[in-house]
Amino acid sequence: MLTRRTFLDRLRHWLLGILGLSGLAGVAGYLYPPALRRRGEPLLLANAAELKAGEGRLFDYYGEPAILLHGQEAPRALSLVCTHLGCSVRWQPKEGRFVCPCHRGIFDADGNVLAGPPPAPLERLRVQVQGNHLLVG
Ligand code: FES
């Protein structure tokens, strides 16, 4: 027979177990950040002829937000994951910079840190041009 005390003990153990597992997931995410996780083949992103100068195209890079920018130079791609605590930065095309909404980190159009707490530039993703196609990764 399940007594009230036994039931509450089991419930407490379950809750502590769930809390422990969620804590382990957080620690694992910190020790093994998304940038280090294995990524797959390069992604076919666009037909080079379709991209206009000054255009930014958002895409999903293996579960992370990223952007393909086409300026005056060759197209470049950047991860939109802030290098401080992992928030998604936002592209501000008029200012030509990225701003992190979490702690006001600011990056230039090449992903270099201009201000705020981010310790490193945004991750730059390799862009390959194959014929008319742009591949990232
Ligand atoms: S997470 Fe971007 S500045 Fe803190």
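**Strands, sheets and a nonpolar core**

Strands S10 and S11 run antiparallel and are joined by four bridges; two strands count as paired if DSSP finds at least two bridges between them. The structure described here is a predicted model, in which local features need pLDDT of at least 70, side-chain atom pairs count only at pLDDT 80 or more, and totals for chains, interfaces and linings use all residues. Residues are numbered from 1 along each chain as its sequence is written. Within the pairing of S10 with S11, Val129 stands opposite Leu134 of S11. These two strands form a hairpin with two residues between the strands, and there Gly131 takes a positive phi near 65°.

It helps to place this hairpin in the chain as a whole. One helix and eleven strands make up the elements of the chain, where helices (H or I, at least four residues) and strands (E, at least two) are DSSP runs, numbered from the N terminus. Read from the N terminus on, their order is α-β-β-β-β-β-β-β-β-β-β-β. Of the 137 residues in the chain, 18% are buried. A residue is called buried if 20 or more other C-beta atoms lie within 10 Å of its own, exposed if 12 or fewer do, and partly exposed in between, with C-beta atoms placed from the backbone. Among contacts with a separation of 6 or more, 38% are between residues 24 or more positions apart; a contact here is a pair of residues whose C-beta atoms, placed from the backbone, lie within 7 Å.

The hairpin belongs to an open sheet of three strands, whose order is S1-S11-S10 and whose pairing is antiparallel. Strand S1 (43–47) and strand S10 (127–130) each have a single partner strand and stand at the edges, so one side of each is left without a neighbour in the sheet. From one strand to the next, the twist averages 30°, with axes taken as lines fitted to C-alpha atoms (for helices, over the stretch in contact) and angles running from 0 to 180 degrees between N-to-C directions. S1 pairs with strand S11 (residues 133–136) in the antiparallel sense over four bridges. Leu44 has Leu135 of S11 as its bridge partner, and Asn47 has His133 of S11.

Ala46 also lies in strand S1. This residue is partly exposed, with 19 other C-beta atoms within 10 Å. Leaving aside neighbours within four places in sequence, Ala46 is in contact with Leu51, Arg57, Leu68 and Leu134. Ala46 and Val136 are 90 residues apart in sequence, while their C-alpha atoms are 9.6 Å apart in space.

Attention now turns to the interior. The largest nonpolar core has 18 residues, and those touching the most other members are Ala66, Ile67, Leu68, Ala77, Leu78, Leu80 and Val89. A nonpolar core is a set of buried Ala, Val, Leu, Ile, Met, Phe, Trp, Tyr and Cys residues joined through C-beta atoms within 7 Å. Strand S3 (64–70) and strand S4 (76–79) each supply at least two residues of this core, and S3 gives the most, with four residues. Ala77 touches Ala66, Ile67, Leu68, Leu125, Val127 and Val136, when residues up to four places away in sequence are not counted.

A second open sheet deserves a look as well. This one has four strands in the order S5-S6-S7-S8, again with antiparallel pairing. The edge strands are strand S5 (90–92) and strand S8 (113–115), each of which pairs on one side only. The twist in this four-stranded sheet averages 35° from one strand to the next. Strand S6 (residues 97–99) and strand S7 (residues 106–108) pair in the antiparallel sense over three bridges, and Arg97 has Asp108 of S7 as its bridge partner.

The loop between S6 and S7 contains Arg104. Although Arg104 is not a glycine, its phi is positive, at about 60°. Arg104 is exposed, with 11 other C-beta atoms within 10 Å. Tyr62, in the loop between strand S2 (55–61) and S3, is not a glycine either, yet has a positive phi of about 50°. Tyr62 is exposed, with 12 other C-beta atoms within 10 Å.

Note on methods
Two residues are in contact if their C-beta atoms, placed from the backbone, lie within 7 Å.
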